[in-house]
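Q: Please take a close look at a single part of this structure. I should like a connected account, with the reasoning set out step by step.

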Amino acid sequence: MKRLALLSLLALPALAADRSQLPAPLAQPAFNLPTPSTARLSNGMTVKVVEDHELPFVWVTLAFQAGSFTDPAGKEGLSDAAIDLMNDAAGNYDGVQIAQALKRLGASVNTSADADGASLSMRALGRNVDATLSIMEAVLKTPHYDAQDWKVLQSQMLANVTGRKSDPNSVAYDVMQSVLFGQDYKARRPSEASLQAITLDDLKNWHKTHLAPSQSILLVGGDTTQAEILPLLEKHFGNWANEAVALNKPTFPAPPSQTTLTLVDRPGAAQSVILAGRYTGQPTEADHLSFSVANLAIGGLFTSRVNMNLREKNGYTYGARSSVSYDLAGTFWSASAPVASDKTVPALKELLAELANVTGTHPLDAEEINNARASVSASYPLRFESPDYLLSQQSLIWRYGLPEDWVSGYLNRLAQVDANTAQAAWNKRMGGLPFNLVIVGDASRISGDLVSTGLPILRRDSDGHLLNP
Amino acid sequence: MALAGAPDAPTIPFEKYTLPNGLQVILSPDDSVPYVWVNVWYYVGSRDEVSGRTGFAHLYEHMMFQGSAHANDDYFQPLQRIGGQVNGTTNLDRTNFFEGVPSQWLPLALFMESDRMGWLLPAMDQEKLDNQKQVVRNERRQRYENRPYGNAWIYLLDAMYPPEHPYHHATIGLHQDIDAATLTDVQDFFKKWYLPNNASLVICGNFDTTEAKKLVESYFGEIPAAPEPAPTKVKTPKLTEETVVRYQENVPFPKVWVSWHSPASLSRDDAGMDLLAAILSNGEDTPLYRELVYNTGLAQDVSAYQSSAELSSMFTIEATASPGHTGDELVTAIDNVLAHYRQSGVSTDELDMARTAYEVQFYDAIATIQGKANLLNNYNRITGDPGFIAQDMARYSSITTKYLKKLIKKYLPEDRRVVLHIDPASEAK
């Protein structure tokens, strides 16, 4: 304590900084956007490679077009299960052997599946890439679909169906899908009945008919080169031959005719989860980026209108945000806010007012759009810290048929966005148009007041089924 | 013998020095992208809170984003519009703040961090405090109360540590304490803890070290030191019996947590407990998974983990029951697995596989500049050496099967621990 006091007396006084204004920037370092190289295997599969030698790992992802949108009615959960089981036991390995072989290699082989597609991926140290690809090859070509493995996974998936109904965020999401799609696409999620209906033969058959080179792409990143990795990929996947069924992709859902509020009762809930959503256009349309930037200013950033109002001004929530995403059905705008139960109606009214004001009393102004645009463009280089982002974008370009310059032309397209294009995109896609609202909360504490919003109110249960009024 | 998967030890280049006011500065260049992270640790966490003010360290963290004398606006405003990524976190032991900015904006990041380190109070007012109390109480509702099993960690700490222990309460605190916080509390906390000589600053990323030193000196040098606060330190009392606590809540399945006190962060035994956790439950080949999930169907999932902290850590095994099974059945099954390992120890093969997985994870920890920045601050705080990574990895190499067997006996006794059950409320309202 004493020593410190003495030190500060003796030290030369620091040259005090000018605190009268925010400091100016230094010179900006150059940055070259990395680009993937492209090659093909002899079976026609495209290979994209992004070199990055910072860490001693190589990542290989085999992405598939088939996702849960392919699940037949009554067997929802089929694709998810079929993908998940692939790396449980395959080739000469049972489940324990596959896990231990990977541990000895310091490597991993993972599967993942969602509504729009699926993938099989691995990571390994450079010297173990060949050995790890051998395991990945077995997982792709000769999964066992062992009865006990399916029994274990089935019970976990059944429990997950039950578990989701206890989580208000999952309920809000699931009910929104039911509102948007009825019984199709993302509303087609696993149920107790559909999981019980899936047989081992269904799983094997899905694997045989839904994964094929013509509907797959290979993505490679990390400490390797195209010259080094191609022969290994050719060895393990070049002779993979399979014919898959044609995939019927989902279409854009009919927009709602009026903004409607769906209430899901959760007795005793500590908060109400508010979720709003609307499908609006396609990511391939010219105004998609302007729309995204408009959304950043309205609800996408911490400093956006919605968060500054609901959180920083009113304290109704820990965080309120809106986002723009896209999937096989199109561009999806959504907003979410978990709010204190007794503030549900005031919070909802503020949210609705902020949205309405964009096309009324509070149009987007140049400064907030410039800031929103800069928040994305200036942080863009950070996304290229690891190969993940660039590779995942290659996968999205392929999956959704996006333009080839989706990444390389991004900053140029972004530079064209201004308050006028942002406002126009918002007006066209959202301005005054109806959307869907879901609230999951304690109806006894909020339902009476909701009537004061003037919105039609429907009740659904946590499965998404309409309840009688 | 090292397995094929064992990587070489990673290194992180750095330079450390201390300003005359006591602020520790660690510079670590990495030019992979034109971006730089500023990461400040204040050595104060929820363990330093006083009676009736649980949750205050975290509430105070929120107040650090409400503007300071020369930047009296929301902290995000000037940083988000230049492409900054901003956040902060509070835990039992420390509070950290970080912003990533495009390299050219390093002066702005340092200006902002230094202004709230030196000049927070002139911009503080009651309205800001009242607002953030509501925000934090909503954070509590969102992250703990309105999520199935979200309260588990609050219950566990409560049962593991006696009321006088600084880890007895969770960082989020109690509603009534958050609500009771006053402006005077904010002022006192700032004056006591938010001092240059109770903090360390890491700059990691693409920047020029000469330029950075000048900027740090200019922005932070004039902030006065004050008497260094005494860190809250107590000896953690040993558990003397098994304590079983049961709650009924709106959850879908019975779930159990079995917890023991375990060695503090970055000690050798702490690494041993990490390895033990991996041997027990990391992967479909491991004994807890086989015995609770795969072979018996008692549980949907099971995991063991060491939660490292400065004063004392916790080793926990948690498992969620399958429909039709109870938490008590899971505890019995867990005990059977532990009894086997207490008796027979682990095999060389099991240890080698777990160790290799840990060695690989070291690279995950340094994969991002932000990850490296925080790791440097963590090493510096606990060991005094930001370059501890090689020794950290060596901790794992030093563990033998014989040593692990001793750790199981010493730290995981069946009769001295806490067992927490959260069961579905019998009558859904």
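A: In describing how two helices are set against each other, angles under 35 degrees count as roughly parallel, over 145 as roughly antiparallel, 65 to 115 as roughly perpendicular, and the rest as oblique. The model discussed here is predicted. The part chosen is helix α10 of chain B, residues 287–294.

Consider its partner within chain B. Helix α9(B), residues 268–281, packs against α10(B) with the axes 4 Å apart and an angle of about 40° between them. The two helices, α9(B) and α10(B), are therefore oblique to each other. On the side of α9(B), the contact is formed by B:Ile279, B:Leu280 and B:Ser281, and on the side of α10(B) by B:Pro287, B:Leu288 and B:Tyr289. Sorted by class, this contact of α9(B) with α10(B) comprises five nonpolar residues, one polar residue and no charged residues.

The helix α10(B) also has a partner in chain A, namely α5(A), residues 147–164. Here the axes lie 11 Å apart, and the packing angle is about 75°. It follows that α5(A) and α10(B) are roughly perpendicular to each other. From α5(A), the residues A:Gln148, A:Asp149, A:Val152 and A:Gln156 meet B:Tyr289, B:Val293 and B:Tyr294 of α10(B). This contact of α5(A) with α10(B) has four nonpolar, two polar and one charged residue. B:Tyr289 thus takes part in the contact with α9(B) and also in the contact with α5(A).

The wider setting is the interface of the two chains. Chain B contributes 83 residues to the contact and chain A contributes 80. Between them the chains bury about 7000 Å², with 59% of this area on carbon and sulfur atoms. B:Tyr294, together with B:Gln104 and B:Asn146, supplies 10% of the area that chain B buries against chain A, more than any other three residues.

Polar interactions also cross this interface. Five salt bridges are found between chain B and chain A. In one salt bridge, A:Arg19 is paired with B:Asp115, and their closest N and O atoms are 2.9 Å apart. Polar contacts link 31 residue pairs between the two chains. Several elements of chain B, among them α10, α3 and α8, each supply at least two residues of the side that touches chain A. The largest share of that side, ten residues, comes from α4(B). By class, the side of chain B that touches chain A holds 34 nonpolar, 31 polar and 18 charged residues.

Methods. Residues numbered from 1 in each chain as written. Chains lettered and ligands numbered in written order. Predicted model: local features only at pLDDT ≥ 70, side-chain atom pairs only at ≥ 80, totals over all residues. Heavy atoms only, no water. Axes fitted to C-alpha atoms, helices over the stretch in contact; angles between N-to-C directions. Contact = heavy atoms within 4.5 Å. Nonpolar A, V, L, I, M, F, W, Y, C, P; charged D, E, K, R; others polar. Buried area = accessible area lost by both parts, 1.4 Å probe. Salt bridge = Lys/Arg side-chain N within 4 Å of Asp/Glu carboxyl O. Polar contact = N/O pair within 3.5 Å; in protein donor to acceptor, adjacent residues only side chain to side chain.
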